[in-house]
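This briefing concerns the structure shown below. Please keep the sequence and the three-dimensional view at hand while reading the points that follow.

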Amino acid sequence: MSETTDVPRRPSVRRLPLKAALRLNHPSDTWFKPALSVVVASLVPNLLLFAVDRLDLVMYTMAGSLCALYGHALPYARRAGTVVRVVVGMLAGLAVALVAGSLTDSTAILIAVGALLAAVQKALCDASRIGPPGHVIFTFVTSAALFAPQQLAQVPGHLALTLAAGAFSWCVTVVGPALLRREGPERRATARALDAAAACVADPGPRTRGAAAAAVHGAWQTLLASGRATPARRALERLVVHAEAALAESSPAGHRAAADPAQLREWAALTRARGPVPTPPAAPGTTAELFGVDAERAGRRARTTRGELLRRLGPGSHVLPVAVRTLIGCALAGYACEALGVGRPYWAIVTAASLYQANVTLSWNRALQRTLGNLLGVLVFAAVLPLTRVSPLLLIVCVLCFNFAAEALITRNYWLGSVAVTPMALLVIEFGGAHPAGELIGDRVIDTVVGAAVGFLAAVLVTNRRATGRVERALEATERARAHAVRVLADDTADPAALDASRRGLTASLVELREAGDTAAGEWWQRALPEEDLVAAERAGHRTLAATAQRQGLISLAPENGAV
């Protein structure tokens, strides 16, 4: 990394996109999993409450049912603990909100509590990287609970309903899928790695190479966290080795013609399907232990993630400025709506909280998407409201349909999912009794517009100077990982496990470097990025990855480009 590279200074204010923010994407390959899970997790509690004529309690069971949205990308061994932590986090936030709501009627105090809860939830979700959907679901539940009529004596019972629904959500998201398809998450992660590697081989470049490195890294993380090795997981590990070899071949040092994109895509399709995992030929140089995967898996079981979470929240963390934005933006949005006459401005808090992404540019995209989706969703609500008032069962059916539609559409674009989320959230209020439609619609429009405008203003004014610092730290970490890999390469006595560990460590550092660079590129009010150093570090890192793969016998290097 050069200390004297002359990098032209980029403007402090980035250009904000418009059309790109609203463009529809391909749906996620797992969109149906959270969609079906949240419907099943909500249906049973709703029908039980209908049977005892207590639909006014739906808000509390719904808090637990929404926990079924989390963890679907994780292997079941890790998902079990993750969803438990989600349920505990939901209970903790809801308890604070219900107690605060029962102790005071002051809207100003409740807004302050809601903003503080939103900031804490944002920081914890970003630091633990739990998502999607991240912190927004927690903030939606706790902000609504703050303004719900509540007596202190009722709080334990309401929390018990949330816990029961959360336990059922755990069964829906962990037990059921594990019985149906034992290695489902690992298969999907491996298929993504194969597809990304195929795209990289077909069109080598910094973006495709970075995406492939992230997909391969994600596949290894999933496999290493999946529990004991099984024959199917062994086959998946071999497939990821082939994807990793294809990634190495696409580097400036590798032979691009060696990997076959069509073969990689065929393996990906078979891996996603319900049939047997495809059995690829053994990668040259692969040991029976697949470069010490078992040893690394055992080491991971012995480690805890608590220290990593504390590190991400410690001094200098890039998570904290975004949490401060959330606190200030949610508070200002709530107080602004209160000044405009909205009696319970919880939706303004939720709207502001939903905007805060990794940088200002992404927050702008979310502001546009949220505003458009909510305004269209209000029209949908106005259209279906008369139908839902015909029968409580029709109200339950409509809420479940919008729940499913929200998860089905939100991966296409956030604004499209918001078209379904808005009427769903408004219809939940109807479980407690009919409300004037004009009042509900008017408050929601004001909350949306004010929340989005004030929330984005806070994103612009509360600077995140740590974004460039994160890039600099990632550059240093990448250089250290690369230097370690070079040292292992130079050691003729290094065993396959050491080579494999150095390769995976370097891949992880390159993924973090790309993420840090992309985040900082969309941030405002910061010093210029070391863009040339970024490019040089990525190129050098991928050359070293290729050299490591060549040492392990996975690929052959181009003679003229064999330097590490």
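**Surface patch, helix packing and salt bridges**

At 41% relative accessibility, Val120 counts as partly exposed, because this value falls between the limits of 20% for buried and 50% for exposed residues. The model is predicted. Val120 lies in helix α5 and is one of the residues that make up a nonpolar patch on the surface.

**The nonpolar patch**

- The patch covers about 540 Å² and is formed by Leu116, Val120, Leu124, Val324, Leu327, Ile328 and Leu332.
- Two helices, α5 (107-128) and α14 (319-339), each provide at least two residues of this patch.
- Helix α14 contributes the largest share, with 4 residues.

**Packing of α8 and α10**

- The axes of helix α8 (residues 184-202) and helix α10 (residues 231-249) come within 9 Å and cross at roughly 20°.
- The two helices therefore count as roughly parallel, since the angle is under 35 degrees.
- The crossing of α8 and α10 is left-handed.

**Salt bridges**

- The structure contains 17 salt bridges.
- Within helix α10, the side chains of Arg234 and Glu237 form a salt bridge at 3.0 Å, N to O. These two residues are 3 residues apart, about one turn of the helix, and both are buried.
- A second salt bridge joins the side chains of Glu523 and Arg325 at 2.6 Å, N to O. This pair links distant parts of the chain, 198 residues apart: Glu523 is in the loop between α21 (496-521) and α22 (531-551), whereas Arg325 is in helix α14.
- Glu523 counts as buried because its relative accessibility is 0%, and Arg325 counts as buried because its relative accessibility is 1%.
- A third salt bridge connects the side chains of Glu512 and Arg470 at 3.1 Å, N to O. Glu512 belongs to helix α21 and Arg470 to helix α20 (residues 466-490), so the pair ties together parts that are 42 residues apart in sequence.
- Glu512 is partly exposed, with a relative accessible area of 23%, while Arg470 is buried, with a relative accessible area of 6%.
- Salt bridges with shared partners also join Asp29, Arg192, Asp195 and Arg272 into one network.

Conventions
Residues are numbered from 1 along each chain as its sequence is written. This is a predicted model: local features need pLDDT of at least 70, side-chain atom pairs count only at pLDDT 80 or more; totals for chains, interfaces and linings use all residues. Side-chain values use heavy atoms; hydrogens and water are left out. Patches are made of residues with over 30% relative accessible area and no salt bridge: like charges are joined within 9 Å, nonpolar side chains (Val, Leu, Ile, Met, Phe, Trp, Tyr) within 5 Å. Accessible areas come from the Shrake-Rupley method with a 1.4 Å probe; for residues, only the protein chains shown count as cover. A salt bridge is a side-chain nitrogen of Lys or Arg within 4 Å of a carboxyl oxygen of Asp or Glu. Buried means under 20% relative accessible area, exposed over 50%, partly exposed in between (1.4 Å probe, protein chains only). Axes are lines fitted to C-alpha atoms, for helices over the stretch in contact, and angles run from 0 to 180 degrees between N-to-C directions. Angles under 35 degrees count as roughly parallel, over 145 as roughly antiparallel, 65 to 115 as roughly perpendicular and the rest as oblique. A crossing is left-handed if the near helix is turned anticlockwise from the far one by less than a right angle, and right-handed if clockwise.
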